[in-house]
Amino acid sequence: MFTQSVYMLFRRLSKDGMFSFINITNLTLGFATFFLLSQYIHSVLSFDCYNINYDRIYRLQFFMDQKDNKIKHTWSVTAAMSRHVLPGQPEIEKIVLMHDVGDNNKSGVFLSVDKKNQFLTRYGFYADQTVFDVFTFRFLEGDPSHALVRPYSIVLSKKLAEKLFPSGNALGQTVYGENKAVFTVTGVYDDLPVRSSWQPAYLLPMLSFTAITGWEDYEDNYWAYSFYTYVLLKPNADPAAVDARIHDALKDYRKEHFPYLRPLSMVYLRPYYQNDLLIAIGLLSFIALLILLLSSINYINLQTANAITRFREIGIKKT
């Protein structure tokens with residue numbers, strides 16, 4: 001019975017080769033396109049979902065009413081907000097202040113273990129110890145609860161640790177920055193997932209920020225927009241309540257600048273209130289479903305058009 005069915009299938013394909021090719025190709029391309037678009041949409045929507053507290057993490061941002069009636073947004077904010085304004089908000093559980101190491105990470109910083117074989121390394125950040133409470137890091141060496149509590153500590157990503165210490169055991173070793181600053185490795189964390197909105201190669205404690213940069217009053221400065229601030233809200237806390245209270249926090253410094261919290265779930269997909277990537281994702285979703293629907297309808301129509309021939313063939317066989 002099986003052999004006969006296979007024989008009939010090949011006989012039909014050979015008899016209606018062009019029709020079968022068109023029909024199968026139509027259905028295959030339709031499903032393949034739908035699958036690829038769905039995978040892309042899923043990858044975009046799953047950014048930063050690796051964080052355990054993903055739905056409670058927010059980024060502090062500013063929007064500015066310009067004289068030309070345009071509203072501009074920035075996620076580079078003042079350090080004073082994280083030190084003097086946000087700590088008084090009852091909805092906030094943790095606050096982490098960060099800053100780029102070097103010239104906004106554009107050129108990078110040279111790191112070495114012997115002052116000779118230096119590696120140009122980008123994407124380093126100064127960060128508060130609370131960075132490990134807000135974001136999820138999987139430590140391979142060291143203890144995240146004490147990794148950034150001392151000045152001149154350095155926590156390395158797995159990729160950078162393997163480059164600096166090929167033999168392993170980076171914990172407790174010495175790393176030189178620009179052949180000037182001397183750091184002690186206090187931890188090594190696994191590389192963050194590809195779908196992460198930030199990929200730090202290493203972290204330094206904010207406790208070393210003044211000593212290295214010479215910037216002494218940064219914590220009281222409401223003018224310099226070069227820091228990044230993330231907060232972890234308490235369970236079931238209302239971010240709108242925080243927004244309402246901090247809305248006028250800069251009125252004595254920059255009257256047309258207003259701080260607000262942006263959920264981490266929107267940081268990559270829709271960093272501001274404009275539609276940005278969200279419209280593109282909606283359009284791609286519609287296109288994916290439309291392609292799947294059209295390919296299915298085409299397949300059904302072609303099969304229906306061929307039914308008359310099949311009915312005639314079946315009638316002859318019965319006779």
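This report walks through a predicted model of one protein chain, from its overall make-up to a few individual residues.

## The chain as a whole

Let us begin with the broad picture. The chain is built with 10 helices and 13 strands. It has 319 residues, and 42% of them count as buried. Among contacts between residues with a separation of 6 or more, 72% join residues that are 24 or more positions apart. Several of the residues described below show such long-range links in detail.

## The largest pocket

A good place to look next is the largest pocket, which holds about 380 Å³ of space. It is lined by 14 residues, and those closest to its centre are Arg59, Trp75, Ser197, Trp198 and Tyr230. Two elements each give two or more residues to this lining, namely β3 (92–100) and β12 (228–233). By type, the lining is made up of nine nonpolar, three polar and two charged residues.

## Aromatic rings

Two of the residues just named, Trp198 and Tyr230, turn up again in a cluster linked by ring pairs. The other members of that cluster are Phe125, Phe132, Phe135, Phe137, Phe139, Tyr189 and Tyr228. Over the whole structure, a search finds 23 aromatic pairs.

One of these pairs is worth a closer look. The ring centres of Tyr152 and Phe183 are 5.8 Å apart and their planes meet at 35 degrees, so the pair counts as tilted. Tyr152 sits in the loop between β7 (139–142) and β8 (153–157), while Phe183 belongs to strand β10 (residues 181–189). The two are 31 residues apart, and the pair links distant parts of the chain. Is each partner buried or exposed, or something in between? Tyr152 is partly exposed, because its relative accessibility is 29%. Phe183 is buried, with a relative accessible area of 4%.

## Residues one by one

The table below gathers the accessibility of several residues discussed in this section.

| Residue | Relative accessible area | Class |
|---|---|---|
| Ser82 | 3% | buried |
| Ser46 | 17% | buried |
| Asp48 | 1% | buried |
| Phe165 | 11% | buried |
| Asp133 | 37% | partly exposed |
| Asn169 | 61% | exposed |

**Ser82.** This residue is in helix α3 (residues 79–85). A polar atom of the Ser82 side chain lies 2.8 Å from the backbone oxygen of Ala79. Which residues does Ser82 contact once neighbours within four places in sequence are left aside? They are Pro87, Ile95, Leu97 and Thr229. With 3% relative accessibility, Ser82 falls under the 20% limit and is therefore classed as buried.

**Ser46 and Asp48.** Ser46 is found in the loop between α2 (17–45) and β1 (57–65). Its C-alpha atom is 9.8 Å from that of Tyr268, although the two residues are 222 residues apart along the chain. Asp48 also lies in the loop between α2 and β1. Its phi is near 70 degrees, a positive value in a residue other than glycine. At 1% relative accessibility, Asp48 counts as buried.

**Asp133.** Helix α4 (residues 131–134) is the place of Asp133. Not counting residues up to four places away in sequence, Asp133 touches Asn53, Lys94 and Leu232. The C-alpha atoms of Asp133 and Asn53 are separated by 9.2 Å, with their positions 80 residues apart along the chain. Asp133 is partly exposed, with a relative accessible area of 37%.

**Phe165 and Asn169.** Phe165 belongs to the loop between α5 (158–164) and β9 (174–177). Leaving aside neighbours within four places in sequence, its contacts are Val113, Leu156, Ala170, Gln173, Thr174, Val175 and Val185. Phe165 and Ser112 are 53 residues apart in sequence, and their C-alpha atoms are 9.8 Å apart in space. Asn169 is likewise in the loop between α5 and β9. This residue has a positive phi of about 55 degrees although it is not a glycine. Within this loop, Phe165 is buried, whereas Asn169 is exposed.

Definitions and conventions:
Residues are numbered from 1 along each chain as its sequence is written. Side-chain values use heavy atoms; hydrogens and water are left out. On a 1 Å grid over the protein atoms alone, a cavity is a set of points where a 1.4 Å probe fits but cannot get out, and a pocket is an open set with protein on both sides within 12 Å along at least five of seven lines; lining residues have an atom within 4 Å of a point. Grid points are joined across faces, edges and corners, and a volume is the space filled by probe spheres set on the points. Helices (H or I, at least four residues) and strands (E, at least two) are DSSP runs, numbered from the N terminus. Ala, Val, Leu, Ile, Met, Phe, Trp, Tyr, Cys and Pro count as nonpolar, Asp, Glu, Lys and Arg as charged, and the others, Gly among them, as polar. Buried means under 20% relative accessible area, exposed over 50%, partly exposed in between (1.4 Å probe, protein chains only). A polar contact is a pair of N or O atoms within 3.5 Å; within protein, one must be able to donate a hydrogen and the other to accept it, and residues adjacent in sequence count only if both atoms are side-chain atoms. Contact means heavy atoms within 4.5 Å. Rings of Phe, Tyr and Trp (its six-membered ring) pair if their centres lie within 6.5 Å; planes under 30 degrees apart count as stacked, over 60 as edge-to-face and the rest as tilted.
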